[in-house]
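Please read the following points with the sequence and the model open beside this note. Each point treats one part of the chain.

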Amino acid sequence: MKRATASVDRTSTAVVGLALIALGGGAIAWEQGRFPGRERLDAAFVDTAVDAGWWPWALAAAAIVLVLLGLWWLLAHLPRRSVGTVAFASSADADVDGRLSVDLGTAARSAAKSLAAHEGVVSATGRSVSDRGQRVVEITATLDPAVTSLDKVAGAAAQTRNDIVTSLDGTPAAVRILLQCGKSRKHVVRVS
């Protein structure tokens, strides 16, 4: 969840909670006759507003706004497993000011493309994911059905893993390579 979404959640929860406390306190005060001006309160404007011609339009507009806010809230809470850009750790002896970052998704796709070029691999896809709080570069390779032993592709998978680790040196990210036969993920073998 994004930090902004979490802030909106906390703020709106606090506002709604305070409003409900105030409403409950007001209802208790009203019931006990301690609400000032209770006998002078005229609620005839509610009947007038409900009978007015603009009332259905205002109600529809409010409903549309609430539905859109609800959809935005739901979409903001969808889990996003993609990691995106990660900054390289800086070294103490660096004499250049600035900041370097790497897009883990692009690195994963490039490594997958390289792995797909090896014999015995039909296709490969790469992505960056967040798995239990850890950044992971994940490569999923589909093997040629003619491949009967993992020895034929294990070297290529290990080399791809080493290439990723070397290129992301200093970046807190793990590498996971999955080998599957066919297009089903049921037969996936985790290599590293």
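In which strand is the place of Ile177? The points below begin with that residue; please bear in mind that the model is predicted.

1. Ile177 belongs to strand β5, which covers residues 174-181. The relative accessible area of Ile177 is 0%. Because buried means under 20% relative accessible area, Ile177 counts as buried. Val137 stands 40 residues from Ile177 along the chain, and the C-alpha atoms of the two are separated by 8.3 Å.

2. Ile64 has its place in helix α3 and offers a contrast in exposure. Its relative accessible area is 53%. Since exposed means over 50%, Ile64 is classed as exposed.

3. Ile64 is also one member of a nonpolar patch on the surface. The other members are Val8, Val67, Leu68, Leu71, Trp72, Trp73 and Leu74. Together, the residues of this patch have about 800 Å² of accessible area. Helix α3, which spans residues 55-76, gives the most to the patch, with seven residues.

4. Asp9 deserves separate attention. This residue lies in helix α1, which runs over residues 3-31. Asp9 is buried, yet it has no salt bridge. The nearest side chain of opposite charge is that of Arg10, 8.0 Å away. For a salt bridge, the relevant atoms must be within 4 Å.

5. Asp9 does, however, have a polar partner. Its side chain is joined to the side chain of Trp73 by a polar contact of 2.9 Å. Trp73 is also listed among the residues of the nonpolar patch.

Methods: Residues numbered from 1 in each chain as written. Predicted model: local features only at pLDDT ≥ 70, side-chain atom pairs only at ≥ 80, totals over all residues. Heavy atoms only, no water. Patch = residues over 30% accessible without salt bridge, like charges linked within 9 Å, V, L, I, M, F, W, Y side chains within 5 Å. Areas by Shrake-Rupley, 256 points an atom, 1.4 Å probe, with all protein chains shown as cover. Helix = DSSP H or I, 4+ residues; strand = E, 2+ residues; numbered from the N terminus. Buried < 20%, exposed > 50% of the residue type's maximum accessible area, 1.4 Å probe, protein only. Lys, Arg positive; Asp, Glu negative; His and termini not counted. Polar contact = N/O pair within 3.5 Å; in protein donor to acceptor, adjacent residues only side chain to side chain.
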